[in-house]
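User: Could you take a close look at the links between side chains in this model? Please walk me through it in plain words, since I'm new to this.

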Amino acid sequence: MKRIAIGLCYDGSAFEGWQSQASRNTVQDHLEAALSAVAAEPVRVQAAGRTDAGVHAAAQVVHFDVNVERPDSAWVRGTNANLPGGIAVQWACEVDEGFNARFSATGRSYTYVLYDQPVRPALYAKQVGWFHLPLDVEAMQRAAALLAGERDFTTFRSAECQAKHPVRTMDYAEVERRGPYVLFRFGANGFLHHMVRNLVGSLVYVGKGAHPPEWISELLEARDRAQAAPTFSPAGLYLSGVRYPDTWQLPGFVPMIPFVSFDDIR
C-alpha cells in the first residue's frame, strides 16, 4: 500500500462543493473517479479542508492510498486527462503513511477577492465577489487587525457548523486594495464553516461606513451570529494555502488567484 499526496486547484463555480454527494457533481466525486481510472482500482481521498459550492481552491492538498505502482507524472497528467476543465492536479508525490492531508496540517489560509465598483463584473463574474459601493480599505484594515490572536469566533460560524468548539487562532487578517479590487487575506490554525465569508461580510459593513472598525470587537464579544452581517458570496473565496511541518517537504503551488502574486501567498 502506498500513500500519495497531490496538490489540487479548482474553480468551484461549476461544482456542488468539495464533499461527495448523491449528485456526483462535487470536486471529490470527480477527483475520485479520475484517480480510480488511473489506478484501475477504487480510490478514496481525504482533503486538507472542505470547500462550499462556488468556493475555489488554489492550493488544496489531498492524500489517498493505492496498491499500484504509478510514476508521479501519471497521477498528474493521467488524472487531469480524466477531470473536467475546472479541476487540475498540480503535483503528486509519495508520502509516508503517517501523513494526513487534514490532520497533519498546522494552518490554512484563505484569500477573498472583491470587486468594489458600481457595475458588476462580467469576465470574472464567478471568480470575484462584488460590492457596488467604494469601500474604505483603511477602516477595514483597522477592523481586521482586531481579529488577530486566539478568539472565540461564534459570531462568525454558521448554524450548520460541526466544529467541536469555536475558538481559533488567527495568525493574520489583512485587507489591501489592488486597483478596483480589494484583497482580504486570512491565516489561522483552522476555520469554522462560513467563517471567512461571514468575516468578509462584516468587514464590508465597516468599509461602507455602516459601523466603525471597533464593531468587530463587539461582534466577537457578543458571540451571536445574528448581530453580524449576512454571509458574503462564495464567488471570490479561495483556499490559498495549507501549512505543514517542513519535515513533509511537499511541493509548492504556483499562485492562480486573479490579481494575486507570489508575495501574497503564505
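**Side-chain links, up close**

Analyst: Let's start with a cysteine: C93 counts as buried, at 13% relative accessibility. Keep in mind that this is a predicted model. C9 is buried too, with a relative accessible area of 8%. So do these cysteines bond? A disulfide is a covalent bond between the sulfur atoms of two cysteines, and here the number of disulfides is 0. The reason is distance: the cysteine sulfur closest to that of C9 belongs to C93, and because it is 15 Å away, it is too far for a bond. The cut-off for a disulfide is 2.5 Å between the sulfurs. Looking from the other end, C93 has the sulfur of C9 as its nearest cysteine sulfur, again 15 Å away, and is in no disulfide.

Now for the charged side chains. Side chains of opposite charge can pair when their charged atoms come close. How many salt bridges are there? The count is 13, and a few of them deserve a slower look.

Take R24 and D29, whose side chains form a salt bridge with 3.0 Å from N to O. The two partners sit in unlike surroundings: D29 is buried at a relative accessible area of 3%, whereas R24 is partly exposed at 47%.

Next comes the salt bridge between R177 and D116, with an N to O distance of 2.7 Å. This pair ties together distant parts of the chain, as its residues are 61 residues apart. R177 belongs to strand β8 (residues 167–178), while D116 lies in the loop between β5 (107–115) and β6 (129–130). As for accessibility, D116 is buried at 3%, and R177 is partly exposed, with a relative accessible area of 32%.

For something more local, look at R142 and E138. Their salt bridge has its closest N and O atoms 3.6 Å apart. Why can these two meet? Both are in helix α3 (residues 137–145), and because they are 4 residues apart, about one helical turn separates them. An α-helix has 3.6 residues a turn, so residues three or four places apart point the same way. Neither partner is tucked away: R142 is partly exposed at 44% relative accessibility, and E138 is exposed, with 53%.

Salt bridges can also join up beyond a single pair: E174, E176, R178 and R185 are linked in a network of them.

Finally, let's step over to helix α2 (residues 72–81), where the topic is packing. Which of its residues are buried? They are A74, W75, V76 and T79. These buried residues pack against two strands I haven't mentioned, β1 (2–10) and β3 (56–66), along with helix α1 (27–39) and strand β4 (87–95).

To recap, the cysteines C9 and C93 stay unbonded with their sulfurs 15 Å apart, while the charged side chains make 13 salt bridges. One of these, R177 with D116, links distant parts of the chain, and another, R142 with E138, spans about one helical turn.

Terms used. Residues numbered from 1 in each chain as written. Predicted model: local features only at pLDDT ≥ 70, side-chain atom pairs only at ≥ 80, totals over all residues. Heavy atoms only, no water. Buried < 20%, exposed > 50% of the residue type's maximum accessible area, 1.4 Å probe, protein only. Contact = heavy atoms within 4.5 Å. Salt bridge = Lys/Arg side-chain N within 4 Å of Asp/Glu carboxyl O.
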